[in-house]
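Hi,

Here is the structure I promised to pass on. Please open it next to this email. My notes follow below.

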Amino acid sequence: MAEDGSTATPTASATPTEEPEYDFTIKGIVKNDGEPIEGVTISVEGNGFQADTETDAEGRWTIGVPEKATYKVTLDEDTLPKGVIVKEGGATRDAEFGQTKNVTVAFFLGEGVRVTVSFFDQLVQRIVSGLNFGLLLALAAIGLSLIFGTTGLSNFAHAELITFGALMVLTFGVTLDWPLWIAIITSLVLSAALGWSLDAVIWKPLRRKGVGLVQLMIVSIGLSLALRYTFQLFYGGSTEQLPGATLPSDIRFGAVALSWVDLVSMGVSILVLLAVAFFLLRTRIGKATRAVSDNSSLAAASGIDVDRVIRIVWVVGSVLAGLSGILWAYFRPGVSWDMGFQILLLVFAAVTLGGLGTAFGALVGSLIVGLFVELSTLWLPSDMKYVGALVILILVLLFRPQGILGRRERIG
Amino acid sequence: STGTPAPAESESPAASGDALPIAEGERDLSLPLGTILPQSGALAFLGPPEEAGVQLGADDVNAAGAGISVDVTYRDSGDTTTDTATVSVTDLLSQNVSAIIGAASSGVSKTVIDQIVAAGVIQFSPANTSADFTNYNDNGLYWRTAPSDVLQGEVLGNLIAEDGNATLGMIVLNDSYGTGLAKFTKEAFEAAGGEVVAEALFNEGDSSFDAQISEVTAANPDAIALITFDQAKIITPALVGSGFPGDKLYFVDGNLADYSKDWAPGLVAGSKGTLPGLDVGTLGDFTDRLKGVDPSLTDYSYAAESYDAVVLLALAAYAANSTDGTEIAKYLQQVSGGSGDGEKVTSFEDGIKLLDEGKQIDYDGPSGPITFDENGDPTEATIGIFQYNDDNTYSRIGDG
Amino acid sequence: MDWGAIFGNAVVELISPTTAAYALAALGLAIHFGYTGLLNFGQAGFMLLGAYGYAIPALKLGWPVWACVLTSIVASVIFALILGIPTLRLRADYLAIVTIAAAEVLRLVFTTNTFQDVTGSANGLSEYQAGLLQFNPFPPGRYGFGPWIFDNRVWFFLVIAWIVVALAAVFTWLIMRSPWGRVVKGIREDEDAVRALGKNVYSYKMQSLILGGLFGTFAGILFVLPRAVVPSYFQPSLTFFVYAILLLGGAATILGPIVGSIVFWVLLSFFSGFVARAVEAGWLPFMTQVQAGQLRFILVGIAIMLIVVFMPQGILGNKKELAFVK
Amino acid sequence: MTNSESATSAVLDPAATPVVEVRNVTAGYLPGVNILNSCSLVANQGELIGIIGPNGAGKSTLLKSIFGLVKVREGGIFLQGEEITNLKANKLVAKGVGFVPQTNNVFPSLTIQENLEMGLFLKPKGLKERLEFVTEIFPELGRRLTQRAGSLSGGERQMVAMSRALMMGPHVMLLDEPSAGLSPVRQDEAFLRVKEINKAGVTTIMVEQNARRCLQICDRGYVLDQGRDAYTGTGRDLLNDPKVIGLYLGTLGQDD
Amino acid sequence: MSSEISPKAKPVKTTGLHVGDPVPGVKKVDPILVADGVKRTFGGLTAVDVEHVEIPRNAITALIGPNGAGKTTFFNLLTGFDKPDTGTWSFDGKPLAHVPAYRVARMGLIRTFQLTKSLALLSVMDNMKLGAKGQSGENLFRGLIPAIWRKQDTEIEAKALDLLGRFKLDAKKDDYAASLSGGQRKLLEMARALMSDPQLVMLDEPMAGVNPALTQSLLDHILNLKEEGMTVLFVEHDMHMVRHIADWVIVMAEGRVVAEGDPHSVMQDPAVIDAYLGAHHDADLGATDTEHVEAMKELIDDEQ
Ligand SMILES: Nc1ncnc2c1ncn2[C@@H]1O[C@H](COP(=O)(O)OP(=O)(O)OP(=O)(O)O)[C@@H](O)[C@H]1O
Ligand SMILES: Nc1ncnc2c1ncn2[C@@H]1O[C@H](COP(=O)(O)OP(=O)(O)OP(=O)(O)O)[C@@H](O)[C@H]1O
Ligand SMILES: [Mg+2]
Ligand SMILES: [Mg+2]
């Protein structure tokens with residue numbers, strides 16, 4: 001086939017390398033099954049103008065035209081390699097200029113079979129990422145659930161505890177450039193300190209005053225607002241990345257693609273959740289936690305230092321939230337001032353779904369919410385992806401008003 | 001439907017005959033401007049470059065010493081969740097500003113447009129792309145320098161096809177900006193012979209984009225266009241991390257930014273993007289001067305459009321020899337070159353010189369050629385094509 | 001610093017239609033939460049239905065005002081029924097999450113691009129006021145007295161809004177003094193006990209949900225009349241702010257929500273004006289203009305906290321109740 | 001009806017050491033409303049004190065103020081000579097004071113066993129023997145150690161509450177109506193155990209509406225009325241005092 | 001405090017209530033409530049398993065039994081607060097299965113709760129008024145117009161005041177119910193139940209925690225109610241009270257009805273004495289031996 005360059009026509013000469021004579025150009029590319037074809041003749045005709053050219057090694061061609069109008073672009077099928085034909089759209093197409101000086105006409109030949117991911121593989125992939133997301137939610141949710149369980153407080157500022165963990169890693173790991181693991185440990189320690197001081201400065205005095213739970217909830221909404229915008233004040237409105245968060249990596253198990261971040265975050269989540277379970281079921285403080293949540297004045301009458309237990313719960317809950325924030329920052333990936341707030345509703349949904357105040361319920365609820373968020377867009381438009389999870393929440397509570405693991409209280 | 005109104009309707013500027021004469025007399029004008037740009041809320045990352053653009057514009061006007069000085073009052077637009085904008089506008093109106101620059105989000109602009117326009121004050125948005133404003137009952141007081149979706153979409157669609165991509169996936173922000181730009185990109189790409197095989201939308205405030213990414217990659221497109229704002233910072237690493245080639249992405253003005261500090265080197269090397277506005281060569285030191293105003297800037301989205309808004313307002317006020325909003329509005333179209341067949345100028349000082357001579361002007365600023373139609377919408381733009389380097393910075397490789 | 005302007009702008013909020021709309025929404029919550037003990041965190045959903053229920057028929061079908069209002073009412077009653085049938089059996093805190101979820105589902109449905117033609121998607125709808133404005137008795141122009149200078153549209157909306165608020169307040173006052181109110185308050189305390197006394201608790205809760213929801217619906221209409229409607233107004237934070245207003249004023253009071261709304265908006269405006277001017281005047285040298293916008297929210301957040309800390313029962317609430325909160 | 005009027009009937013052994021002493025305590029819930037009005041009470045080492053009185057007299061309030069759950073406004077409370085006024089409840093537990101409240105006296109979501117373990121929170125040693133000890137008294141509980149307390153019947157809850165206190169092994173025990181809701185046989189059982197514990201050296205103060213039973217076993221009784229200690233005397237004396245019978249005991253228990 | 005206790009020497013007992021031998025499930029001459037095969041299990045535990053029981057009309061029936069016998073659960077089932085696994089029961093001839101609790105109450109069957117349910121932030125008076133039935137102002141629309149319900153409300157208030165006086169709660173009528181003592185709550189609970197003039201009132205341990213002298217005067221009130229035609233079914237552990245006013249006694253144990261009869265004969269039943277009343281029940285505890293003192297001492301010494 002035509003090995004040499006382009007052939008000038010009487011009306012116009014246009015080679016890709018030459019300066020086009022005209023202001024306006026028609027460009028294009030010819031590819032067969034993804035491979036460019038060289039030496040295909042393309043001609044342009046219209047508005048009393050006619051020109052042709054041949055594609056270069058990359059399959060590209062350019063023809064200058066004198067004015068904006070509609071032109072006929074024809075691919076000379078004889079110049080195609082044997083067996084290749086133009087199917088879709090035919091060998092002649094119209095090129096119409098819009099607002100710009102260029103218009104593109106691309107010829108994509110051949111079957112061009114796109115290997116799309118099968119529904120089943122998509123399902124598997126999404127189940128895995130749903131579980132991953134669910135575990136991560138669980139870390140955040142258990143902290144919330146513990147705090148709710150012991151103090152009855154629906155803490156809307158929990159979102160900011162999540163954000164805080166990630167922001168601290170950003171500060172120490174990126175801005176101050178400390179080694180990542182030191183940054184993470186520092187961040188967790190600071191999360192603990194934040195939990196400790198929030199309880200010391202705000203919640204304990206309010207408990208002392210005997211302020212009602214809904215009032216406390218409103219305080220937490222105010223706190224959430226203040227903290228969130230404080231974050232924005234210091235960190236601005238844009239998204240940042242943690243060290244290593246954007247390293248491309250691609251580990252495949254069959255249809256499932258995972259990054260190391262996914263693996264680490266799943267591992268950490270599972271380990272931490274087991275530790276929390278052990279803490280609650282086996283340790284004395286864990287049992288005291290549940291006792292305080294049931295009846296704090298009776299707990300005091302049993303010799304439990306209620307304030308200390310609540311303090312511990314705040315610290316543990318904040319560390320879990322901080323940790324989930326860090327993992328969340330790697331999972332998304334990205335750190336921003338409102339990252340926690342964006343998933344707060346999901347965290348609450350998870351806690352509620354599982355049964356308010358039950359730590360294991362929070363785990364189950366989180367997994368369900370995680371799965372539904374990821375899976376529902378197989379059927380729903382993707383901008384409604386939270387709808388699936390929220391509708392499930394409503395439906396489950398219809399049949400189990402006390403949540404999946406919650407218990408009904410006895411009457412009378 | 002969304003998107004910037006097709007500028008085609010008013011492609012040929014009105015004849016010079018309907019241009020008003022430049023007002024006579026000495027100029028001693030003090031032009032009070034207000035801004036409602038996002039300082040807080042979900043769009044807060046857009047605020048700093050926009051406010052820097054406004055400030056730089058005001059500085060340039062004041063530095064010209066041409067008998068017109070601009071005084072800017074900055075207020076927050078928040079986002080639509082907080083209803084901050086109405087409070088800010090009440091405040092600005094009580095200070096008798098002639099024009100209010102903002103808001104960034106079409107939703108917020110809608111919230112306050114009636115309030116502003118009813119007070120006879122100009123609303124001038126550097127970023128709104130919603131079609132609803134074109135024929136809005138605004139007494140001729142709503143203007144915008146926002147880049148045209150139609151143009152950028154066409155350039156982007158053609159570019160993607162020209163690069164030999166037969167199929168395209170899109171991840172799109174569900175608002176007027178995202179869906180408008182996506183629509184025109186899709187039209188252009190399909191007209192060029194390609195096929196859009198997946199389009200996943202997400203909402204402002206969404207936190208992770210896994211579902212969108214797997215929806216789009218499942219269709220296995222040759223290229224993916226990200227029509228988003230800041231969210232690209234999150235989507236891109238996740239997308240490349242899931243195995244999609246990092247050189248097959250296309251960015252737009254909302255997210256074409258310097259990511260050298262954010263991403264692992266080489267993550268998107270070879271990927272391309274479009275950005276309205278003039279070449280750095282033509283622009284001169286515009287970005288450096290912005291940095292002079294706000295050294296912490298990393299991103300310049302809509303800075304040029306904001307700058308041009310101030311300069312156009314000042315030129316129109318100068319031409320009208322008035323600081324009354326309605327009077328200024330009468331001259332905005334003609335100083336932009338939309339009527340009056342004026343002479344091209346690219347800076348405030350040049351414009352003033354010609355106006356002093358009583359000549360009509362046609363101002364084109366750092367955001368590119370600006371020509372308003374009678375609805376106050378821009379009809380022209382230069383769209384640059386950029387490509388990412390190994391260090392996640394980008395360089396201009398041509399014009400669309 | 002221009003204190004006159006700061007206070008002037010703050011005082012404007014005293015009577016602005018937005019203040020009235022929030023007051024009405026809060027009054028609805030007072031019925032739900034303050035009197036019946038229903039922790040409805042989905043008030044934003046009711047407001048959304050009011051707003052869109054009015055705007056869509058007005059804009060897309062050109063219906064007259066009364067038909068649009070009726071559409072809103074029907075939509076929100078249906079929503080209340082759908083929401084109430086499964087959820088009124090739930091414990092208060094479960095109800096809170098479910099109602100947030102339901103309101104979010106609504107918002108997402110109105111945001112999705114799928115129904116763009118009807119809902120306008122994320123861009124929302126505008127210019128649906130024409131039908132109402134034809135009844136505007138105020139002559140065109142911008143006028144008023146003192147700091148209250150509005151254009152004739154705003155005057156009209158403002159008058160409508162406060163009339164509706166006043167009617168709603170009288171209605172609530174009447175109903176809460178009646179035996180109906182007593183039953184509902186009993187349900188707040190212990191629904192099993194009330195059930196044992198032969199009251200159909202479920203039906204009362206439903207009536208209360210619908211009633212408060214309707215107030216929310218009207219509030220939604222009033223809120224969007226002077227502006228446009230976009231779905232992102234109706235995020236959960238809207239409900240949070242309305243709750244803050246309710247508790248600020250006093251949960252189980254009639255005038256509390258109104259006073260709360262006024263205080264909230266006046267404070268918000270005051271903070272806005274003050275912080276922005278303080279930065280302009282160089283009082284806060286370490287702060288940029290952009291940060292000023294954020295500082296205001298920090299102050300609002302802190303103010304909400306302080307109000308609850310120092311006035312847990314709200315401005316008009318009964319202090320004695322506090323001794324018994326669980 | 002003041003203390004002085006009735007103090008004569010109380011034979012206080014001058015050699016006895018007071019373990020718990022309530023001196024002219026004034027306390028209440030709402031600001032400005034005092035429920036206890038200058039109320040005094042003494043419990044000596046090893047004594048079993050019963051408190052009876054009409055509903056709303058302030059009996060529970062008195063126990064709660066000893067235990068630091070209601071704020072004492074005036075006067076003082078002493079434990080073995082040491083002032084413990086308004087000390088936090090868990091501090092008092094550490095000092096060996098145990099308390100069974102009148103209502104809400106179990107942890108509903110904990111199992112019976114966990115409820116009982118809470119009694120031993122401060123000294124988890126010796127769990128097994130004690131568990132055996134209480135399940136012998138209340139065999140119902142022994143059979144259902146893993147049932148959640150929240151699902152128990154009223155009487156079963158009361159048993160759990162009693163047992164929790166018994167598990168504590170305190171030096172001073174404050175019981176608020178421990179027998180309410182128990183079946184007669186369990187009531188008798190409960191009273192006998194209280195007596196035994198007391199004999200074993202635990203100073204006990206109990207509030208009871210089952211006044212006859214209570215006064216039968218206690219060393220001394222106090223009758224409280226309107227926040228004051230109206231009468232004191234030995235249990236037997238009070239039981240047979242016609243005034244006390246008329247006002248508080250009624251004749252129901254005698255008429256058959 | 002003044003004493004106004006003038007107990008009737010012996011209340012008049014209603015007799016001849018049953019047909020045939022007083023065995024469990026015996027037929028009554030005029031039953032108001034009949035339950036058949038009512039069974040409720042919680043997991044493995046059978047809380048209630050009543051084959052057949054009838055409650056006589058216009059009499060006072062006591063339901064007694066050891067703790068955990070299923071008395072409260074049975075109450076819950078009868079009044080629609082809980083659903084049985086199987087069984088039917090009827091009130092006044094009307095079947096009650098699947099009838100919601102509030103309807104049961106409207107039919108004239110009012111119950112009280114063992115663990116009191118006072119409406120904490122309502123005044124004592126409002127608590128009482130809530131108990132009254134058939135209030136026209138409880139309809140949303142009629143409630144709007146005070147003229148419609150004002151008169152009825154005044155009557156209700158007078159009645160409530162009267163009852164509160166009897167229950168010694170009149171001084172507290174304007175206080176929040178939350179500020180009542182444990183015993184006062186019991187009293188309020190009972191007084192509130194009586195506001196609706198029920199046909200059958202089911203009291204769950206009404207006198208637990210109530211001062212004995214007051215109990216005595218309240219019993220007289222209950223006897224008056226019987227004279228006015230009301231039927232009373234109550235659970236109680238205070239045998240003096242049962243003996244004093246009950247016309248009929250039903251004994252439950254482990255969910256079943258194990259004995260029925262008039263108070264005196266039931267209390268002589270060795271099985272009842274053994275399982276329920278205990279050996280000491282008529283003895284003076286002060287004189288009873290204490291066997292465990294040594295064991296106790298040991299346990300306590302452990303600590304030191
Ligand atoms: N939380 C509270 N707030 C306000 N007042 C209260 C509170 N608890 C009790 N009271 C009031 O204090 C008084 C004494 O109550 P207390 O519970 O001490 O009585 P009591 O002697 O234990 O009675 P009972 O035998 O009925 O249990 C009562 O008049 C009661 O109304
Ligand atoms: N929701 C429940 N889950 C599990 N067990 C239950 C539940 N409700 C009741 N039970 C059990 O059923 C049995 C019967 O309880 P019920 O409350 O009816 O007893 P009662 O006869 O009223 O006893 P009391 O005299 O102590 O009040 C008890 O053993 C109790 O533990
Ligand atoms: Mg008491
Ligand atoms: Mg019971």
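A residue counts as being around a ligand if one of its heavy atoms lies within 4 Å of that ligand. Please keep in mind that this is a predicted model.

**Ligand 1**

By that cut-off, 21 residues are around ligand 1. Those that come nearest are Ser60(D), Thr61(D), Lys172(E), Ser179(E) and Ser181(E). The ligand sits between chains C, D and E.

Two helices each supply at least two residues of this shell: helix 2 of chain D and helix 6 (182-194) of chain E. By residue type, the shell has six nonpolar, twelve polar and three charged members.

Some contacts to look at:
- Gly56(D) has a polar backbone atom 2.9 Å from an oxygen atom of ligand 1.
- Gln184(E) has a polar side-chain atom 3.4 Å from an oxygen atom of ligand 1.
- Glu177(D) places a polar side-chain atom 3.5 Å from an oxygen atom of ligand 1.

On its own, ligand 1 has 620 Å² of accessible area, and the protein covers 91% of it.

**Ligand 2**

Which chains surround ligand 2? Chains A, D and E all contribute residues, so this site is shared between chains. The shell holds 22 residues. The closest are Arg410(A), Arg144(D), Gly155(D), Thr72(E) and Thr73(E).

Three elements each give at least two residues to the shell. They are helix 7 (154-168) of chain D, plus strand 4 (45-56) and helix 1 (71-78) of chain E. The shell divides into five nonpolar, twelve polar and five charged residues.

The contacts here run through side chains:
- Arg144(D) has a polar side-chain atom 2.4 Å from an oxygen atom of ligand 2.
- Glu156(D) has a side-chain N or O atom 2.8 Å from an oxygen atom of ligand 2.
- His237(E) has a side-chain N or O atom 3.0 Å from an oxygen atom of ligand 2.

Ligand 2 taken alone exposes 640 Å², of which the protein buries 92%.

**The magnesium ions**

Start with ligand 3, a magnesium ion. Ser60(D) coordinates it through OG and Gln102(D) through OE1, at 1.8 to 2.1 Å. The two residues are 42 apart in the chain. Ser60(D) belongs to helix 2 (residues 59-66) of chain D. Gln102(D) lies in the loop between strand 6 (97-100) and helix 4 (112-119) of that chain.

Are these two residues buried or exposed? Buried means under 20% relative accessible area. Ser60(D) is at 17%, so it counts as buried. Gln102(D) is at 19%, so it counts as buried too. Note that Ser60(D) was also listed among the residues nearest ligand 1.

Ligand 4 is a magnesium ion as well. Its protein donors are Thr72(E) (OG1) and Gln114(E) (OE1), 1.8 to 2.1 Å away. Thr72(E) is in helix 1 of chain E. Gln114(E) is in the loop between strand 8 (109-111) and helix 3 (124-131), 42 residues apart from Thr72(E). Both donors are buried. Thr72(E) is also one of the residues closest to ligand 2.

**Chain C**

An unreviewed UniProt entry annotates "transmembrane region" on chain C. The annotated spans include residues 154-175 and 209-229. In the model, residues 154-175 are 100% helix, with end C-alpha atoms 31 Å apart. Residues 209-229 are 76% helix and 0% strand, and their end C-alpha atoms lie 24 Å apart.

Best wishes

Methods:
Residues are numbered from 1 along each chain as its sequence is written. Chains are lettered from A and ligands numbered from 1 in the order in which they are written. This is a predicted model: local features need pLDDT of at least 70, side-chain atom pairs count only at pLDDT 80 or more; totals for chains, interfaces and linings use all residues. Side-chain values use heavy atoms; hydrogens and water are left out. A polar contact is a pair of N or O atoms within 3.5 Å; within protein, one must be able to donate a hydrogen and the other to accept it, and residues adjacent in sequence count only if both atoms are side-chain atoms. Accessible areas come from the Shrake-Rupley method with a 1.4 Å probe; for residues, only the protein chains shown count as cover. Helices (H or I, at least four residues) and strands (E, at least two) are DSSP runs, numbered from the N terminus. Ala, Val, Leu, Ile, Met, Phe, Trp, Tyr, Cys and Pro count as nonpolar, Asp, Glu, Lys and Arg as charged, and the others, Gly among them, as polar. Donors are N, O and S atoms within 2.8 Å of the metal (3.2 Å for Na, K and Ca); water is not among the atoms, so sites may look incomplete. Buried means under 20% relative accessible area, exposed over 50%, partly exposed in between (1.4 Å probe, protein chains only). UniProt positions are given in the numbering used here, feature names are shortened, and annotations may be inferred rather than shown by experiment.
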